[in-house]
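I opened the file to look up a few spots and keep notes as I went. The entries follow in the order I checked them.

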Amino acid sequence: GRRWGRRQRALLWVMLLATWEAAWGQLRYSVPEEMPKGSFVGDVAKDLGLQLPALIDRVFRVIERGRTQYFSLHGKTGHLVTAERIDREQLCERVQQCVLRCELIVEGEMKFYEIEVEITDINDNAPSFREAEKELRVSETTAPGSRFPLREAQDADSGRNSLQSYELTGDEHFSLAVQSGPGGDQRPELVLAKALDREEAASFELVLTAVDGGDPARSGTVQIRVNVTDANDNPPMFSKKVYEARVAENLPAGSLVLEVQATDADTGSNGQIFYSFSNVPESIRALFTVDGNSGEVRTVGPLDFEEKNKYIFGLEATDGGGLTAHCKAQIDITDENDNAPEITILSLSSPVPEDVKTGTVVAVLKVRDRDSGENGQVSCELSGEAPLSIVASPGGSYKVVTASALDREQASEQRVTVVARDRGRPALWSSTELVLEVSDVNDNAPVFEEAAYSAYVAENNAAGALVLRVQARDADAGANGRVSYWLAGGSAGAAGAAPLVSVEARSGALYAQRSLDYEQCREFWVAVRAQDGGAPARSSTATVRVFVLDRNDNAPRVLWPAAAAAAAGEAPAAAPFEVVPRSAEAGSLVAKVVAVDADAGQNAWLSYELAKATEPALFRVGLHSGEVRTARAVSERDAAKQRVVAVVKDHGQPALSATATLHVVLAESLQEALPELSERPAGAEAAAAAAELQFYLVLALALLSALLVLSVALAVVARLRRA
């Protein structure tokens, strides 16, 4: 309970006295040891001039140089707090000023702040002696003023809280003297104040008290029993006051470190010497042992230069009569290259835009080798083909920067191995892989597979028919690589060019908006623009030329004889007439049938044939010219009025045709032909019409008779089924 009260008072003391100072670009705080986890150390946000909202938006990391993380940064308040309970005596044994150093890293801004925290001592350790009881043998012949060295007390605290004084109580025959050792330590000595008489008193009980300077002070005691014996007038003597040795770390257990030697002029048991540690902490006993007979100091535990590079402790020699001598052992540990460099990634900017400038910092590394000298000197290099380089910075940190332009379309991520190698022999090395993702920027416009497209569409197509599918590719990613299509103009002077087709924005498919007519528009072009989804957007344009293919959808049209023009299957209208002399010879030109076809190609190639005539043997029609000529000489037996029907056909699939009717009068002159022309309406045409009407009447009568017979038969069948 009393110890906890002292800790509470110490905690109150640190909360009042914790201060900071900024020197040489560093923040410096002090905090007492043994503070509970989460205790306030310093207001980093205030000391760095950071506003709290800005602090929350940033990412801070506290990197300590040791293996244990003793401090952390409170993200909401910006306070530096303790992350673990700190024991100053464990961290800084026998060190006057205990300072822990760490680095505060602002990720994203690549800023570093050095922080030093001094761990101040509190009086949490009382002085203690190695043994609770000590027995001395003093000869009764010992002269007053003789001194007997005593083992020192140990106090793990430092400064005023450490051991300050000794007090002796018990008997007036002895007093206390304190000598200063080579390292400033206090060595108590028992001084014989009055002559001893074994017959009066064979032993004395004394109490040695060690007191520290804390407030309140703490103390420890040892009971000393002095037995009065016969004379042992020569104490042991070491050959040296300080024995020094230099050994390498990582020695195997049992290795000889040094050997001490003491002599005693006495004989017998009073001259026999036993070696042992003087008052040393348990940490020394865990690493070294001393042979009581030979004085050899050997290792029992691993020596680590990185943990501690020098050990100083006391040894004593005791003879059989109880007299002792003291010396110091100083062991320097030399470094071996037993630690590979340690690589810590402090900050990594990933992903990084592909358009960053050359020399941009993308990662910050900390490389630390716990060895010293050349064994701890480290060089770093990058292994791998990547447009990155590494630059050394003060304090053992390295920056990875871009060495050339990045291109996400060539490599979406950059992998590089950081290799750290020390200068030891043999050299040790370590490596870590950096993976840097490259984010996309809109630096590529869509590219069409072809700069110009051609499409062929047959006329009379259905509305919505697919004309062509264009495709453009964008090397960018995400929205920057998402392509949409638009129409961007059409044929100059073609009023219907733009409305004729439409384009689907996502697929690039062009569809016909309506049926195309070759006879109205034989070809047209449109410009299609491909645009990505970047900001700002990038685009490119391709030309699509559409050719309309002809179909045989137009029948030939007879221009002359105009009045005789009629579609196939229709009754011919009244036609003009031609007068042919009866003296005409074979091959005489009667007339010329003139026809045109709106289609193109073979659909417009026309041929002429004689369909029928009053005298078929009298006339012939030119296959390609359409000329109607006499096939033989006109005779007197030929009728005066002749009717000639010519068929005009194209070469489409299927072929379309038209007819031209020509009336010919065989007469020597126009006056002779006029009487024949006046009788033409009552001629053969009327007879043909009457015959056709008679055919349809007979057909209707036959159908009615068949229906009657079928009805009677059905009625008879129905009656039979009922019966």
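**Surface patch**

I looked for nonpolar side chains on the surface and found a patch formed by Leu559, Trp560, Val594 and Val596. Together they have about 280 Å² of accessible area. I then asked which elements give two or more residues to this patch. They are strand S42 (557-560) and strand S46 (594-596). I keep in mind that this is a predicted model.

I picked one member, Val596, for a closer look. Val596 sits in strand S46. Is Val596 buried, partly exposed or exposed? Its relative accessibility is 35%, so I logged Val596 as partly exposed; that class runs between the 20% and 50% cut-offs.

**Thr402**

Next I went to Thr402, which belongs to strand S30 (residues 397-402). I noted Thr402 as buried because its relative accessibility is 2%, and buried means under 20%.

What does the side chain of Thr402 have by way of a polar partner? I found the backbone oxygen of Lys357 at 2.9 Å from a polar atom of that side chain.

I also listed the contacts of Thr402, leaving out residues up to four places away in sequence. Thr402 touches Val356, Lys357, Thr358, Gly359 and Thr360. Val362, Pro387 and Leu388 are on the list as well. Lys357 thus turns up in both look-ups, as a contact and as the owner of the backbone oxygen.

**Residues 695-718**

Last, I checked the record. The unreviewed UniProt entry annotates residues 695-718 as "transmembrane region". How much of this span is helix, and how much strand? I read 100% helix and 0% strand. The end C-alpha atoms of the span lie 36 Å apart.

Methods:
Residues are numbered from 1 along each chain as its sequence is written. This is a predicted model: local features need pLDDT of at least 70, side-chain atom pairs count only at pLDDT 80 or more; totals for chains, interfaces and linings use all residues. Side-chain values use heavy atoms; hydrogens and water are left out. UniProt positions are given in the numbering used here, feature names are shortened, and annotations may be inferred rather than shown by experiment. Helices (H or I, at least four residues) and strands (E, at least two) are DSSP runs, numbered from the N terminus. Buried means under 20% relative accessible area, exposed over 50%, partly exposed in between (1.4 Å probe, protein chains only). A polar contact is a pair of N or O atoms within 3.5 Å; within protein, one must be able to donate a hydrogen and the other to accept it, and residues adjacent in sequence count only if both atoms are side-chain atoms. Contact means heavy atoms within 4.5 Å. Patches are made of residues with over 30% relative accessible area and no salt bridge: like charges are joined within 9 Å, nonpolar side chains (Val, Leu, Ile, Met, Phe, Trp, Tyr) within 5 Å. Accessible areas come from the Shrake-Rupley method with a 1.4 Å probe; for residues, only the protein chains shown count as cover. A salt bridge is a side-chain nitrogen of Lys or Arg within 4 Å of a carboxyl oxygen of Asp or Glu.
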